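Please open the model in your viewer and keep the selection tool at hand. We will walk through it one stop at a time.

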Amino acid sequence: MVRVNSLAGVRALPKPVFAEPSDNYILSPEQIKFYDDNGFLVIKELIDFTSLYSYKQRFIQICKGIVPAGNVRVVKEPTLVKQNLKPEDYINKIQELLYDDVFITYGEHPKILSVLSQFIGDDITAVNSMFINKPPGSSRHPPHQDLFYFPFRPAEKIIGAWTAIDHVNIENGCLYAVPGSHKAKELYQHQGKTDALKMYHGVDEESIAPLDKRVHLEMSPGDTVFLHPYLLHGSGPNVSKNYRKAITFHFANSSCEYIDLKGTVQEHLAKEVTEQAAKMGIDNISYADVWRLKSKQVKGVRSNL
């Protein structure tokens, strides 16, 4: 704001009034081309501070038991649990957020939906959701492809959105990506890694995602990266003294169809998940049924998903 000296007989200029920011975010041709070429796109400050604060507070409320977790699934860092720390210091992430009144506002955020519509169309189903805390001392997420977890296609109608809530950098375990790796349209074999949490599968790093091919995505709060499901990406360990909070949802066009995973690189994952469900007392459930139960329509008409 500009002010001049009122003592000189000139009044101060009034504070300018700005119109409310638009709920739409229109991608430029250059942004669409960058996504097509690289398999990811970072949009600066896409999500507002008020929304970020509400997600962080909800996570802390769940950690402290102020609100019931409900269907939210809590994932703990085993090595940190043993240190008798407070929950915020050993909870790595919470999952299945789509039916939480606060977290679902991320998946229904107008700017998120605006960008999604330009990539995958107007009928949108949220299929996966996580609030990632990543406390100091937490492990890495090996290089992987999101499509490895999804039993539906086509891949071009699936996309991930990942928003930084804290500042993220290499020291606290920011995301990295292998630009252009989505273009091969090949789903690689994934295995569990000894230095990562259970269900954090990864590819052969030396041949498929070597260090010299990775680009680190350092981001500020509100910055949001959109990820192609074939893209090779991951994150490092948190070796800092700070948390690295983020929220991420995956979305698919509602016309996507479930596929048979028998004989594919995903078959062993589907078996692992259904066996785990059986141990929890949920018998005779298919891998596709697991995803049907955890998905939620956020825009348009739901059909196959």
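Start by selecting helix α8, residues 287–294, and colour its buried residues: Y287, A288, V290, W291 and K294. Now look down the helix in this predicted model. Those buried residues cover an arc of only 155° around the axis, which puts them on the same side of α8.

What lies over that side? To see what covers the buried residues of α8, add β4 (124–132), β6 (152–153), β15 (257–258), α7 (267–279) and β16 (296–299), which are among the elements there.

Before leaving this region, step back to the loop between α7 and α8 and pick N284. Although N284 is not a glycine, its phi is positive, about 55°. For context, most residues other than glycine have a negative phi. Is N284 buried or exposed? N284 counts as exposed, because its relative accessibility is 83%.

A second residue of this kind is worth a visit: select K134, in the loop between β4 and β5 (141–144). K134 is not a glycine either, and its phi is positive at about 45°. Here the surroundings tell another story: K134 counts as buried, with 3% relative accessibility, where the cut-off for buried is under 20%.

Next, go to the loop between β6 and β7 and select P154. Display the backbone and check the peptide bond from R153 to P154: it is cis, with omega near 10°. As a reminder, most peptide bonds are trans.

From P154, move on to strand β7, residues 158–164. How many of the residues of β7 are buried? Seven of the seven are, so β7 is largely enclosed by the rest of the structure. Show the side chains and you will find I158, G160, W162 and A164 pointing one way, with I159, A161 and T163 pointing the other. That pattern fits a general rule: in a regular strand the side chains alternate between the two faces of the sheet.

Now bring in the partners of β7. Select β14 (246–253); seven bridges join β14 to β7, and the two strands run antiparallel. A good pair to label is A161 with F249, which stands opposite it in β14. Then select β12, residues 224–227, which is also antiparallel to β7 and joined to it by four bridges. Here the pair to label is W162 and its bridge partner V225.

The next stop is helix α2, residues 49–64. From the first C-alpha to the last, its 16 residues reach 23 Å, close to the 22 Å expected at 1.5 Å a residue. Zoom in on the start of α2, where a side-chain oxygen of D48 comes to within 3.4 Å of the backbone nitrogen of T50. At the other end, α2 is followed by G65, whose phi is positive, near 75°.

Now colour the buried residues of α2: S51, L52, Y55, R58, F59, I60, I62 and C63. Their cover includes β3 (91–95), α4 (104–107) and β4, together with the strands β7 and β14 from the previous stop.

Finish with the cysteines. Select C174, which counts as buried at 1% relative accessibility, and then C256, which is buried with a relative accessible area of 0%. How many disulfides are there, taking sulfur atoms within 2.5 Å as the cut-off? The count comes to zero.

How values were computed
Residues are numbered from 1 along each chain as its sequence is written. This is a predicted model: local features need pLDDT of at least 70, side-chain atom pairs count only at pLDDT 80 or more; totals for chains, interfaces and linings use all residues. Side-chain values use heavy atoms; hydrogens and water are left out. A disulfide is a pair of cysteine sulfur atoms within 2.5 Å. Buried means under 20% relative accessible area, exposed over 50%, partly exposed in between (1.4 Å probe, protein chains only). The arc is that of the directions from the helix axis to the C-beta atoms. Contact means heavy atoms within 4.5 Å. The expected span of a helix is 1.5 Å times one less than its number of residues. A polar contact is a pair of N or O atoms within 3.5 Å; within protein, one must be able to donate a hydrogen and the other to accept it, and residues adjacent in sequence count only if both atoms are side-chain atoms. Two strands pair if DSSP finds at least two bridges between them.
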